Amino acid sequence: MAEQKVSLTAKLINGGVAGLVGVTCVFPIDLAKTRLQNQQGATIYNGMLDCLTKTVRTEGYFGMYRGAAVNLTLVTPEKAIKLAANDIFRQKLSKDGKLPLWGEMLAGCGAGTCQVVVTTPMEMLKIQLQDAGRLVAQRPAPAPAATPGPAPSLVAPPAPQPCPPAPPRASATSITLGLLRTRGLAGLYRGAGATLLRDVPFSMIYFPLFANLNALGRRRAGFQGDVQEKSPFLQSFMAGCTAGSVAAVAVTPLDVIKTRIQTLQKGEGEDSYRGIVDCTRRILAREGPSAFLKGATCRALVIAPLFGIAQGVYFLGVGEKLLGMLG
């Protein structure tokens with residue numbers, strides 16, 4: 001029993017470290033993905049690079065990292081649960097060191113289901129912070145100052161209407177307290193069904209594909225196919241990148257639906273949604289099928305290195321080494 005506890009602890013450490021490293025590297029692209037997916041009417045950003053350029057110009061360099069603190073705080077348990085749960089399910093479903101494809105998909109399904117308990121509130125808060133800059137950019141520019149005319153008029157012209165003041169910048173704490181006060185714990189779990197609908201298929205695609213790519217060439221090299229055998233860093237990294245990008249693009253339509261449902265503040269003329277079916281119907285009617293692929297490139301560019309780094313760090317065995325030093 002002691003060995004199993006140490007093994008689980010090591011997996012949790014590996015997953016946490018992997019998530020922290022990965023998110024730090026790719027968060028700006030994730031911010032661009034959220035803003036592009038939430039565009040409904042007026043086009044503010046014409047792609048990922050345009051979005052990042054305008055974000056830096058108007059909000060500064062650290063504007064690209066709005067919401068990163070939430071991700072960095074919660075990505076440790078999220079990635080730890082996801083990666084460790086998949087390993088545990090694979091071990092339970094394996095017989096004689098072999099796991100059929102249906103077992104790999106079932107293990108991925110279990111991992112995706114387990115992580116939702118952390119993923120939903122994490123993304124709920126992150127999306128509000130990431131999208132705030134887009135909403136400010138939609139606001140009308142203040143009216144220019146009046147220039148003196150050739151001759152004063154006896155009737156004073158109407159005073160220009162001032163632009164309404166920008167709302168104060170929200171923080172993750174204020175959003176959390178506001179949701180708990182007005183909607184209770186369910187407020188933090190808005191879009192849980194859509195998150196589950198996205199993460200379960202993603203994990204069912206990602207984990208089996210990663211496992212098979214990561215095992216390529218290992219038997220030829222003399223390995224016995226042991227599921228605990230570590231692969232070389234580069235092989236784990238490339239397998240994570242490839243499997244991550246394929247799974248990310250495959251579930252992008254579900255990610256668009258989830259992002260739209262979880263976005264609380266809407267811009268002028270933008271739709272609000274009552275659920276998954278209502279969101280799907282409104283997007284199809286107003287924006288057409290192509291809207292479901294908004295942010296697909298960004299999502300692939302986020303998930304590929306994120307899971308490549310995650311799997312590389314995970315298979316380096318940081319947790320095992322740390323526990324060995326402490327022991």
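User: Where does pLDDT stay under 50?
Analyst: This is a predicted model, and over residues 1–6 its pLDDT stays under 50. For that stretch the model has one contact beyond four places in sequence. Residues 220–228 also have a pLDDT below 50, though there the model shows seven contacts beyond near neighbours in sequence.

User: And what does the chain average?
Analyst: The average pLDDT is 83, and 83% of the residues score at least 70.

User: Which helix has the highest confidence, and which the lowest?
Analyst: H9, residues 252–262, is highest with a mean of 96. H12, residues 318–326, is lowest with a mean of 77.

User: Ok, switching to charges. How many salt bridges are there in the whole structure?
Analyst: A search turns up 20.

User: What does Lys33 pair with?
Analyst: Asp255, with N to O at 2.9 Å. That salt bridge links distant parts of the chain, since Lys33 sits in helix H1 (residues 2–38) and Asp255 in H9, 222 residues apart.

User: Are those two buried or exposed?
Analyst: Asp255 and Lys33 are both buried.

User: Which other residue does Asp255 form a salt bridge with?
Analyst: Arg299, where the closest N and O atoms are 3.8 Å apart. Here too distant parts of the chain are linked: Asp255 belongs to H9 and Arg299 to helix H11 (residues 296–316), 44 residues apart. Arg299 is buried, as is Asp255.

User: What about Arg282?
Analyst: Arg282 forms a salt bridge with Asp271, at 3.9 Å between the closest N and O atoms. Arg282 is in helix H10 (residues 276–287) while Asp271 is in the loop between H9 and H10, so the pair ties together parts eleven residues apart in sequence.

User: Why is Asp271 called buried and Arg282 partly exposed?
Analyst: Asp271 has a relative accessible area of 16%, and buried means under 20%. Arg282 comes out at 25%, which puts it in the partly exposed range between 20% and 50%.

User: Which residues do shared salt-bridge partners join into one network?
Analyst: Lys33, Glu123, Arg198, Asp199, Asp255, Lys258 and Arg299.

User: Now Gln40. Where is it found?
Analyst: In the loop between H1 and helix H2 (48–59). Gln40 counts as buried because its relative accessibility is 9%.

User: What's around it?
Analyst: The Gln40 side chain makes a polar contact of 3.3 Å with the side chain of Tyr273. Leaving aside neighbours within four places in sequence, contacts of Gln40 include Arg260, Lys266, Glu270, Asp271 and Arg286.

User: How many residues are in the largest nonpolar core?
Analyst: There are 39, and the ones with the most contacts inside it are Phe202, Tyr206, Phe210, Ile303, Leu306 and Phe307. Helices that each supply at least two residues of this core include H1, H2, H7 (192–214), H8 and H11.

User: Leu306, what does that one touch?
Analyst: Not counting residues up to four places away in sequence, Leu306 touches Gly22, Val23, Val26 and Lys79.

User: What other core is there?
Analyst: Apart from the largest core lies one of nine residues, among them Val256, Ile257, Tyr273 and Phe292.

User: Last one, H8. Why does its end-to-end distance agree with what's expected?
Analyst: H8 has 18 residues (233–250), so at 1.5 Å a residue it should span 26 Å, and its end C-alpha atoms are indeed 26 Å apart.

User: Which H8 residues are buried?
Analyst: Ser236, Ala239, Gly240, Cys241, Ala243, Gly244, Ala247 and Ala248.

Methods: Residues are numbered from 1 along each chain as its sequence is written. This is a predicted model: local features need pLDDT of at least 70, side-chain atom pairs count only at pLDDT 80 or more; totals for chains, interfaces and linings use all residues. Side-chain values use heavy atoms; hydrogens and water are left out. Helices (H or I, at least four residues) and strands (E, at least two) are DSSP runs, numbered from the N terminus. The expected span of a helix is 1.5 Å times one less than its number of residues. Buried means under 20% relative accessible area, exposed over 50%, partly exposed in between (1.4 Å probe, protein chains only). pLDDT is the predictor's confidence in each residue, from 0 to 100. Contact means heavy atoms within 4.5 Å. A salt bridge is a side-chain nitrogen of Lys or Arg within 4 Å of a carboxyl oxygen of Asp or Glu. A polar contact is a pair of N or O atoms within 3.5 Å; within protein, one must be able to donate a hydrogen and the other to accept it, and residues adjacent in sequence count only if both atoms are side-chain atoms. A nonpolar core is a set of buried Ala, Val, Leu, Ile, Met, Phe, Trp, Tyr and Cys residues joined through side-chain atoms within 4.5 Å.
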